[in-house]
Structures are given as structure tokens and as C-alpha cells.
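Open the model in your viewer and keep a selection box at hand. The stops below go from one selection to the next.

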Amino acid sequence: MRKHMVIPDCQVKPDESTEHLKWAAMYAVKHKPDVIVCIGDFFDMPSLSSYDKGKKSFEGRRYKKDIEAGQLAMSVFMNVIIAEQNRNRRNKEKIWKPELHFTLGNHEERILRAVENDAMLEDVLSLADLGLEEYGWEVYPYLQVVNIDGICYSHYFTSGVMGRCVTSARALLGKKMQSCVMGHVQDRDIAYGRRADGKAVTALFSGIFYEHEEDYLTPQTNASWRGIWMLHEVYDGAFDELPVSLNYLRSKYGDV
């Protein structure tokens, strides 16, 4: 049986705190998951947003700044992981080297949409700009499903011929009848079931993992649960989930 750590949507953008990513990495170092899954929308990419283009709030946004902000945030997380691996080498210990899986979200997909909408941007903008492979992440296209130890991961799962996002964990379980973990939705939700053969299945909406507030959300939805997940005893799609809140991580590692 293995252990998975799930990082929900971080939506990193310029001038926002990245300390919580250091805390998440420190938690990972302590608990040594075999697998780390970043569920997508790690980069926010506000300069490529089509929703508020032309509005006053859009002024000053730059692609380069978006990329640099996301890369800096990823380095905050990965530098803690790398430091632990270097410590293992110095002490001649077994090197902890978790699998790193990144399922691209709709915010990273903005790069490909921008190129599709303007051919002049081809060879100018690219997913390679994210720099994820340089840290060893296995990167999966937007909405591709990756099965890891019987759990299906994707930024989100679709329903119906129009491919719209499943609206609840219960609906996800009913549609897929397989253990699934997704992000995208701005809150956590979980549903449990059991197949006819007795196999336990779980559907998990993993919530969000950032400290800032989003302008497009209301005071109520900005109060959504924030944190990471540790999935224990993962085997053939079954697992015991442990939510680890951002508040807990702050209290544990905020002064370190």
C-alpha cells in the first residue's frame, strides 16, 4: 500500500504569498508520501484570462510576470523536497524520491487557447514555459485522466456529451463508479460508495490551496475550505483520506 499527497488548485499569481507551499513541502518531508499529485490550476495566468479582458482590473497584467510567479512558487515547494533529498545523500540514507504527477488545469490551458486564437503566438507561448518537467513532474494534458494505484486523477471530470464539469462528489461517484480525485471546484466534497463486487470507491473534490481571495468569488465562497490531502493506505483505488487544512499547516510550520 502506498501514500498519496494531493495539492489542490493554487492559482498562483504575481504579488501573492507562496509561504503555504513551503509549509506543504515541509509536511510532505515529514510524512514521505510515495506520490505527489498537483491537480492543476497551479498557475493562475490572469494575463490570458478572457473573462475580464478590457476591464480596469486587467491593466498591468503580463504573461512573463504570470510565468515567473508560478515558477517561483514551484521552486518554493520543490526546494524543500530537494533539500531533503540532499540531506538523505549526505547521511547515506535511502533517498526519498516521490513520484510527481501534474494534471494541467484550465488556467494552464489558457496558454494553448491563446496560441489557438492567434497563430502569431505559436513558438512564442508554450506549456514548456511553465518549467514543470525541469523539476521532474510528469505532466498530463488538460482533462486527461491518469490512474495511479487505482485512483483516477484529473483537474476535473466531465458529464454528458457537452463535457461539462461534474457538479458534486456524489454525482462523480455515480457517473464513474471508480475512485476519483479532482480539483477545479472551489470547495471540498466527498462521497463514498461500494461496487457490486464489494470494492470500496471514493470521489473527492479536493478544494483549494491558496491564501489570497479571488475577486470573482463572493464573501461566502471565498470562505471555502483550503488545504491539502494525504491519502493513506492506497491500494487498488481504496484509501483513507486525511484533510490537512491550510490553518493547520500555518500553525505547524508558519514560524519555521
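In what sense do β1 and β12 pair, and over how many bridges? Keep in mind that this is a predicted model. Select the two strands: β1 and β12 pair in the antiparallel sense, over four bridges. On this pairing, arginine 2 stands opposite valine 234 in β12.

**The six-stranded sheet**

Now add the rest of the sheet. Six strands form an open sheet with mixed pairing, and their order is β4-β3-β2-β1-β12-β13. The edges are β4 (138-140) and β13 (238-245); each has a single partner strand, so one side of each has no neighbour in the sheet. Between neighbouring strands of this sheet the average turn is 20°, direction ignored.

Go from β1 to its partner β2. These two pair in the parallel sense over four bridges, and histidine 4 stands opposite valine 35 in β2. From there, step to β3. Strand β2 (residues 35-38) and strand β3 (residues 99-103) run parallel and are joined by four bridges. Here cysteine 38 stands opposite phenylalanine 102 in β3.

Next, show the helices on this sheet. Helix α1 (residues 19-31) lies across β1 (2-7), β2, β12 (227-235) and β13, and runs at about 25° to β12. Helix α5 (residues 246-253) also packs on the sheet, where it touches β12 and β13; its direction makes about 65° with that of β13.

**The five-stranded sheet**

Clear the selection and pick the other strands. In what order do the five strands of this open sheet lie? The order is β5-β6-β9-β11-β10, and the pairing is mixed. At the edges stand β5 (146-148) and β10 (188-194), each with a single partner strand, so one side of each is left without a neighbour in the sheet. From one strand to the next, the twist averages 15°.

Zoom in on β10 and its partner. Strand β11 (residues 200-206) runs antiparallel to β10, and seven bridges join the two. Arginine 194 stands opposite alanine 200 in β11. Then add helix α4 (residues 169-176), which lies across β9 (180-182), β10 and β11 and runs at about 40° to β10.

**Serine 154**

Select serine 154, in the loop between β6 (151-153) and β7 (158-159). Is serine 154 buried or exposed? Its relative accessible area is 0%, so serine 154 is buried. The side chain of serine 154 reaches the backbone oxygen of tyrosine 156 at 3.1 Å. To see what surrounds it, leave aside the neighbours within four places in sequence: serine 154 is then in contact with Ile39, Thr103, Leu143, Gln144, Val145, Val181, Met182 and Gly183.

**Asparagine 106**

Move to asparagine 106, which belongs to helix α3 (residues 106-117). Its relative accessibility is 14%, so asparagine 106 counts as buried. Show side chains here: those of asparagine 106 and histidine 155 are joined by a polar contact of 2.9 Å. Not counting residues up to four places away in sequence, asparagine 106 touches Asp41, Arg113, Tyr142, His155 and His184.

**Aromatic rings**

Display the Phe, Tyr and Trp side chains. How many aromatic pairs does the structure hold? There are five. One of them is formed by tryptophan 225 and tryptophan 229; this pair is tilted, at 5.3 Å centre to centre with 50° between the planes. Tryptophan 225 counts as buried at 15% relative accessibility, and tryptophan 229 counts as buried at 4%.

Next, select Phe42, Phe43, Phe102 and Trp137, which ring pairs link into a cluster. Phe102 has come up before, as the residue in β3 opposite cysteine 38.

For another ring, go to tryptophan 96. Lysine 32 lies over its face, at 5.4 Å from the ring centre.

**Glycine 131**

The last stop is glycine 131, in the loop between α3 and β4. At 10% relative accessibility, glycine 131 counts as buried. Select glycine 70 as well: the two glycines are 61 residues apart in sequence, and their C-alpha atoms are 9.3 Å apart in space.

Definitions and conventions:
Residues numbered from 1 in each chain as written. Predicted model: local features only at pLDDT ≥ 70, side-chain atom pairs only at ≥ 80, totals over all residues. Heavy atoms only, no water. Buried < 20%, exposed > 50% of the residue type's maximum accessible area, 1.4 Å probe, protein only. Polar contact = N/O pair within 3.5 Å; in protein donor to acceptor, adjacent residues only side chain to side chain. Contact = heavy atoms within 4.5 Å. Phe/Tyr/Trp six-rings, centres within 6.5 Å; stacked < 30°, edge-to-face > 60°. Lys NZ or Arg CZ within 6 Å of the ring centre and 35° of its normal. Pairing = 2+ DSSP bridges. Axes fitted to C-alpha atoms, helices over the stretch in contact; angles between N-to-C directions.
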